[in-house]
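Q: Please take a close look at one part of this structure, beginning with a single helix and following the chain onward from it. A connected account for a newcomer would be welcome.

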Amino acid sequence: MDWIQTYSGRQFFVLEPRVADIDIGDIAHALSLQCRFNGHCREFYSVAEHSVRVSHLLEGSDALWGLMHDAAEAYVADLPRPVKRQMPQFSEMEERVLKAIVESLGLAYPMPESVRRADDTLLATEQRDVMAPPPADWLLDPTLAPLAQRITPMNPAEAERAFLARYTQLTAHGVLT
């Protein structure tokens, strides 16, 4: 069976993910080195930092969900939304990995709607702060305004530390049981 080697040196079976193979350090490290928007930002802006920012818009277990909503990308990378829509098998594989991750954390599946809205709020903020002026309307939800605070991207090491610190903060306060 096909597998990838993770940062910590583990085998991870992408097509049949196992809860026992999920490692928060692997997730934090990989996401800190992956750039949002397929690298088309004005400067490097990681998926880890994005996830931390989404998490801070939420409370309770939704905050942990916000931190982990893109965690499958640590194991299967990501595809831009227009490409992913054309590849249902990739989306199914990514969903299997995400289910294993949230199961390992004791979170209920599926992702709460509040996380989707927080993610979209960050998307509007990122469009303003880390992308070039758009050539056309992104067709974002008009009820979700960008955050007032502007994004100044972290470097990968800072993003990894922030991700792990947020995880520790959320899990130390009883989000995980």
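A: Within helix α1, the buried residues are G25, D26, I27, A28, H29, A30, L31 and S32. The model described here is a predicted one. Of the 9 residues of α1, 8 are buried, and the helix is accordingly described as mostly covered. The partners against which these buried residues pack are α2, α3, α4 (73-76), α6 and α8.

One of those partners, helix α2, spans residues 47-55 and includes S55. S55 is buried, because its relative accessible area is 0%, where buried means under 20%. Leaving aside residues up to four places away in sequence, S55 has contacts with A63, G66, L67, R166 and L170.

The loop between α1 (24-32) and α2 holds F37. Across the whole structure, a search finds 3 aromatic pairs. F37 takes part in one of them with W138: the ring centres are 5.9 Å apart, and the planes make an angle of 55°. This pair is classed as tilted because the angle falls between the limits of 30 degrees for stacked and 60 for edge-to-face. W138 lies in the loop between α7 (113-130) and α8 (156-172), so that the pair, with its partners 101 residues apart, links distant parts of the chain. Both partners are partly exposed, with relative accessible areas of 21% for F37 and 28% for W138.

A second pair is formed by W65 and Y109, whose ring centres are 6.3 Å apart and whose planes stand at 45°, so this pair too is tilted. Here W65 belongs to helix α3 (residues 60-68), while Y109 is in the loop between α6 (88-105) and α7; the two are 44 residues apart, and the pair again links distant parts of the chain. W65 is buried, at a relative accessible area of 2%, whereas Y109 counts as partly exposed at 32%.

Returning to F37, one finds a charged side chain placed over its ring: R36 lies over the face of F37, at 4.7 Å from the ring centre. R36 also has a place in the lining of the largest pocket, where R36, D78, L79, R81 and K84 lie nearest the centre among 35 lining residues. The elements contributing two or more residues to that lining are α5 (81-84), α6 and α7. The volume of this pocket is about 1,200 Å³.

The cysteines C35 and C41 complete this view. The structure holds 0 disulfides. For C35, the nearest cysteine sulfur is that of C41, 3.8 Å away, and C35 is in no disulfide. C41 is likewise in no disulfide, its nearest cysteine sulfur being that of C35. The pair is not counted because a disulfide requires sulfur atoms within 2.5 Å, and these are 3.8 Å apart. In general, a disulfide is a covalent bond between the sulfur atoms of two cysteines. As for accessibility, C35 is partly exposed at 22%, while C41 is buried at 13%.

Methods. Residues are numbered from 1 along each chain as its sequence is written. This is a predicted model: local features need pLDDT of at least 70, side-chain atom pairs count only at pLDDT 80 or more; totals for chains, interfaces and linings use all residues. Side-chain values use heavy atoms; hydrogens and water are left out. Buried means under 20% relative accessible area, exposed over 50%, partly exposed in between (1.4 Å probe, protein chains only). Helices (H or I, at least four residues) and strands (E, at least two) are DSSP runs, numbered from the N terminus. Contact means heavy atoms within 4.5 Å. Rings of Phe, Tyr and Trp (its six-membered ring) pair if their centres lie within 6.5 Å; planes under 30 degrees apart count as stacked, over 60 as edge-to-face and the rest as tilted. A charge sits over a ring if NZ of Lys or CZ of Arg is within 6 Å of the ring centre and within 35 degrees of the ring normal. On a 1 Å grid over the protein atoms alone, a cavity is a set of points where a 1.4 Å probe fits but cannot get out, and a pocket is an open set with protein on both sides within 12 Å along at least five of seven lines; lining residues have an atom within 4 Å of a point. Grid points are joined across faces, edges and corners, and a volume is the space filled by probe spheres set on the points.
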